[in-house]
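Colleague: I should like to learn how to read the packing in a model of this kind. May we go through it feature by feature?

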Amino acid sequence: MQIAVVGGGVVGLSVAWRLVSAGRRVVLVDPAPTTGASWVAGGMLAPVTETWPGEEGLLPIGSASLESWPAFAGELRSAAADPGLRTDGTVVAALDAADAAQLETLAEHLASLGREVERLPGRALRALEPGIGPSIRSGLLVPGDLAVDNRELLRGLHKANRQAGVDFVAASAAAVRGGGVELADGSTVDADVSVIAAGAWSGRLHPALGGLVRPVKGEILRLRGRPGALPPPGRTVRALVESRSVYLVPRSGGELIVGATQYEAGFDTDVTVAGVRDLLADAERVLPGTGEYALVECAAGLRAGSRDNLPLIGWLEPGVLVATGHHRNGFLLAPLTAAAVLALLDGRPHPAPVTDPARFRKGET
Ligand SMILES: Cc1cc2nc3c(=O)[nH]c(=O)nc-3n(C[C@H](O)[C@H](O)[C@H](O)COP(=O)(O)OP(=O)(O)OC[C@H]3O[C@@H](n4cnc5c(N)ncnc54)[C@H](O)[C@@H]3O)c2cc1C
């Protein structure tokens, strides 16, 4: 059985690797694999700190996927390269009284879902992360929310797929149907089953996805510590700064990722002055030492959002599966997505039925 995967971001590469490891013949169609939103992402694996009242659907699937992460990272480390999984956890900081009240709402909401998090006064936060500034008033410790180096992961997955025999076709898909993938140049890639994993661009590839997948722009910065500057934190630091959310994710080698803005701006990927200004200003209020860092990259990417911001993983028609719509959590959900696609191909029950695109066909949402 030949499987065509369309899209080589974290989702398509993870799906392809799971399928080829299970003995399937896989061809991956993408003019520029390892790019897309995946190349710019923060790499947080954060089902708890991404949870918010009204978005409860993420917590169970995100937690299930997070459980798979250590094994997923370990397999990749043995097969190709170390994806830099960081297990130091996350702290969440609040700047002013309104931010602290919002964090309290989050803590209470998590407690109501059976997830207790530890509340910490500013002093205790600074004991954990000495770089946190004096104006931070309080926070939470969330030891289970982890992070991965998005770029090391993509390089590793690309290499693992090539080594395992995945055939990469450097071309753009124009449409996906039962029977295969129609390429932009008019040729086709025949396949028994095709998997649409083209992120924010997926909606263009199959009529059933029209209006279901939208691009959600996000800007993000890469800083690098310099000699004499305070070292980056040991954990991911998330914060609310006058109601804006900002996160700082350390990478080995002294880089610090600062993200991220979120706008509904179509397919625009310009990095705006205001976006960079706010991220830098908020980062500096949380970790004052970042003012001495080098600003090495400003980038924007397009998350794929569905109507309820949960992924779309399931059959669109016989021979066509979709795996997209991961919005802010494509890295977190990559192992679960890959396992779900394999289960569906094997005719086993969907391990995350809440993501089945049939929920929209039934008019439930
Ligand atoms: C600023 C920012 C920060 C983020 N931070 C996090 C985070 O901390 N944690 C987390 O879990 N998630 C995060 N995300 C979300 C995450 O990046 C996405 O959910 C994830 O990258 C989606 O992966 P994907 O493979 O579906 O899509 P993409 O990474 O966008 O990849 C899509 C691929 O499809 C290809 N493609 C497009 N059109 C076609 C076509 N017609 N034919 C063939 N190929 C095509 C592209 O070339 C690309 O390689 C962040 C996103 C952004 C923008």
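Colleague: Which residues touch the most other members of the largest nonpolar core?

Modeller: As a general idea, nonpolar side chains in soluble globular proteins tend to be buried together. In this predicted model, the largest nonpolar core holds 110 residues, and Val6, Val195 and Val286 touch the most other members. Helix 1, residues 10-21, gives the most to this core, with 8 residues. At least three residues of the core come from each of domain 1 (2-79 + 149-213 + 307-361) and domain 2 (90-143 + 215-304).

Colleague: With which residues is Val286 in contact, leaving aside its neighbours within four places in sequence?

Modeller: The contacts of Val286 on that basis are Ala93, Ile132, Gly133, Ile136, Val237, Ala239, Val241, Val246 and Leu248.

Colleague: At what angle do helix 1 and helix 8 pack?

Modeller: In general, two packed helices are described by the angle between their axes and the distance between the axes. Here helix 1 and helix 8 (residues 334-345) pack at about 50 degrees, and their axes are 8 Å apart. Helix 1 is therefore oblique to helix 8. The crossing of helix 1 past helix 8 is right-handed. Residues of helix 1 that meet helix 8 include Val11, Val15 and Leu19, while Ala338, Val341 and Leu342 are among those met in helix 8.

Colleague: Is Glu317 buried or exposed?

Modeller: A residue counts as exposed if 12 or fewer other C-beta atoms lie within 10 Å of its own. Glu317, found in strand 18 (residues 312-317), has 12 such atoms and is therefore exposed. Between Glu317 and Lys159 the C-alpha to C-alpha distance is 31 Å, with 158 residues separating them in sequence.

How values were computed. Residues are numbered from 1 along each chain as its sequence is written. This is a predicted model: local features need pLDDT of at least 70, side-chain atom pairs count only at pLDDT 80 or more; totals for chains, interfaces and linings use all residues. A nonpolar core is a set of buried Ala, Val, Leu, Ile, Met, Phe, Trp, Tyr and Cys residues joined through C-beta atoms within 7 Å. A residue is buried if 20 or more other C-beta atoms lie within 10 Å of its own, exposed if 12 or fewer, and partly exposed in between; C-beta atoms are placed from the backbone. Helices (H or I, at least four residues) and strands (E, at least two) are DSSP runs, numbered from the N terminus. Domain bounds come from an automatic or database domain assignment. Two residues are in contact if their C-beta atoms, placed from the backbone, lie within 7 Å. Axes are lines fitted to C-alpha atoms, for helices over the stretch in contact, and angles run from 0 to 180 degrees between N-to-C directions. Angles under 35 degrees count as roughly parallel, over 145 as roughly antiparallel, 65 to 115 as roughly perpendicular and the rest as oblique. A crossing is left-handed if the near helix is turned anticlockwise from the far one by less than a right angle, and right-handed if clockwise.
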